[in-house]
Amino acid sequence: MNRRGLVIGFVVAAIVVVAVIVLLATGGTTSGTDGTGDVKVDDGPHAPRTVQIVDIATTSVHRDGDTITLSATANGNIPRSIANGSLEYRWELGHTAETTEWIVTVAVNVDASASLLATQRDYSSTTINDTFPGDFTIKGARLTVEIDSAQVKGFPTHFDFHVESTLDANRADTRSGLAHDRAPNEGTISSG
């Protein structure tokens, strides 16, 4: 092998080693994309006409120590409040793609709030009563939820997840049509 080939091989090996070290040290980020324009709108009175805020473009999970960050980016700016309607982003987390053990929800209606619920144990928390173990932000089209997993007994270090969004244009009418999206469209994304 010539000298140039050895140098190139060494550089590639060094880059791979650095990348592995960075991912192991930070926990890494796992993300997925979702095609825009794939929102399903139910038939019914008051069905949403504008669905960009429910149209999930990307979703990701990042772990840095005990902090787990879930994020989703919509195809339009997400409001902090909706006067007569309701918007919900819901992450379903489980040890396998077939189980849902934890549900993280951000709901936007008169105000915005976040909640964490265990489906197989007695645990629930919310920002409404300041028991939520973290915080959430809405900036433009991006919704981010941070959870301090050290504050939640039994919260998984690795999990499969998907995120669903639902928009109800008139929450006072139980017959109103809803707009839905899911990322990924089928299956789940593994957090590592």
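1. A residue is called buried when its relative accessible area is under 20%, exposed when that value is over 50%, and partly exposed in between. With a relative accessible area of 17%, Asn170 therefore counts as buried. Everything in this note refers to a predicted model, and the points below begin with the chain as a whole before turning to single residues.

2. The protein chain contains one helix and 13 strands. Reading from the N terminus, the helix comes at the start and the strands follow, in the order α-β-β-β-β-β-β-β-β-β-β-β-β-β. Of the 192 residues in the protein chain, 43% are buried, and the surface that the chain exposes comes to about 10600 Å², with carbon and sulfur atoms supplying 53% of that area. If one takes the contacts whose partners have a separation of 6 or more, 59% of them join residues that are 24 or more positions apart.

3. Asn170 deserves a second look, now for its position and its partners. The residue sits in the loop between β11, which covers 160–168, and β12, which covers 178–183. When residues up to four places away in sequence are not counted, Asn170 touches His46, Asn84, Gly85 and Ser176. His46 is 124 residues away from Asn170 along the chain, and yet the C-alpha atoms of the two are separated by 6.2 Å. The side chain of Asn170 also reaches the backbone nitrogen of Ala172, at 3.1 Å.

4. Which residues form the salt bridge with closest N and O atoms 3.5 Å apart? They are Arg175 and Asp173, and the two partners differ in how much of each can be reached from outside. Arg175 is exposed, its relative accessible area being 58%, whereas Asp173, at 13% relative accessibility, counts as buried. A student who wishes to find this pair in the picture can look for the arginine at position 175 and the aspartate at position 173.

5. How many salt bridges does a search of the whole structure find? The search finds three, and the pair of Arg175 with Asp173 is one of those described in this note. Another joins the side chains of Arg182 and Glu164, with an N to O distance of 3.9 Å. Because Arg182 lies in strand β12 and Glu164 in strand β11, this pair ties together parts that are 18 residues apart in sequence. Arg182 is partly exposed, at 23% relative accessibility, and Glu164 is partly exposed too, at 26%.

6. The side chains of Glu92 and Arg90 also meet in a salt bridge, for which the N to O distance is 2.8 Å. Is Glu92 buried or exposed? At 13% relative accessibility, Glu92 counts as buried, while Arg90, at 27%, counts as partly exposed. Glu92 has a further partner in Thr100, since a polar contact of 3.3 Å joins the side chains of these two residues.

7. Thr100 is placed in the loop between β5, residues 86–94, and β6, residues 102–108. Its relative accessibility is 27%, and Thr100 therefore counts as partly exposed. Leaving aside neighbours within four places in sequence, the residues in contact with Thr100 are Glu92, Leu93, Thr119 and Gln120. Phe161 lies 61 residues from Thr100 along the chain, and the C-alpha atoms of Thr100 and Phe161 are separated by 8.4 Å.

8. Thr73, unlike the loop residues discussed above, is found within a strand, namely β4, which spans residues 67–74. Why does Thr73 count as buried? Thr73 does so because its relative accessibility is 19%, and the cut-off for buried is under 20%. Once its neighbours within four places in sequence are left aside, Thr73 is in contact with Asp55, Ile56, Ala57, Thr58, Ala141 and Arg142.

9. The last residue to be noted is Asp130, for which phi is near 65 degrees, and this is a positive value in a residue other than glycine. Asp130 has its place in the loop between β8, at 124–126, and β9, at 134–139. With a relative accessible area of 71%, Asp130 is exposed.

Conventions:
Residues are numbered from 1 along each chain as its sequence is written. This is a predicted model: local features need pLDDT of at least 70, side-chain atom pairs count only at pLDDT 80 or more; totals for chains, interfaces and linings use all residues. Side-chain values use heavy atoms; hydrogens and water are left out. Helices (H or I, at least four residues) and strands (E, at least two) are DSSP runs, numbered from the N terminus. Buried means under 20% relative accessible area, exposed over 50%, partly exposed in between (1.4 Å probe, protein chains only). Contact means heavy atoms within 4.5 Å. A polar contact is a pair of N or O atoms within 3.5 Å; within protein, one must be able to donate a hydrogen and the other to accept it, and residues adjacent in sequence count only if both atoms are side-chain atoms. Accessible areas come from the Shrake-Rupley method with a 1.4 Å probe; for residues, only the protein chains shown count as cover. A salt bridge is a side-chain nitrogen of Lys or Arg within 4 Å of a carboxyl oxygen of Asp or Glu.
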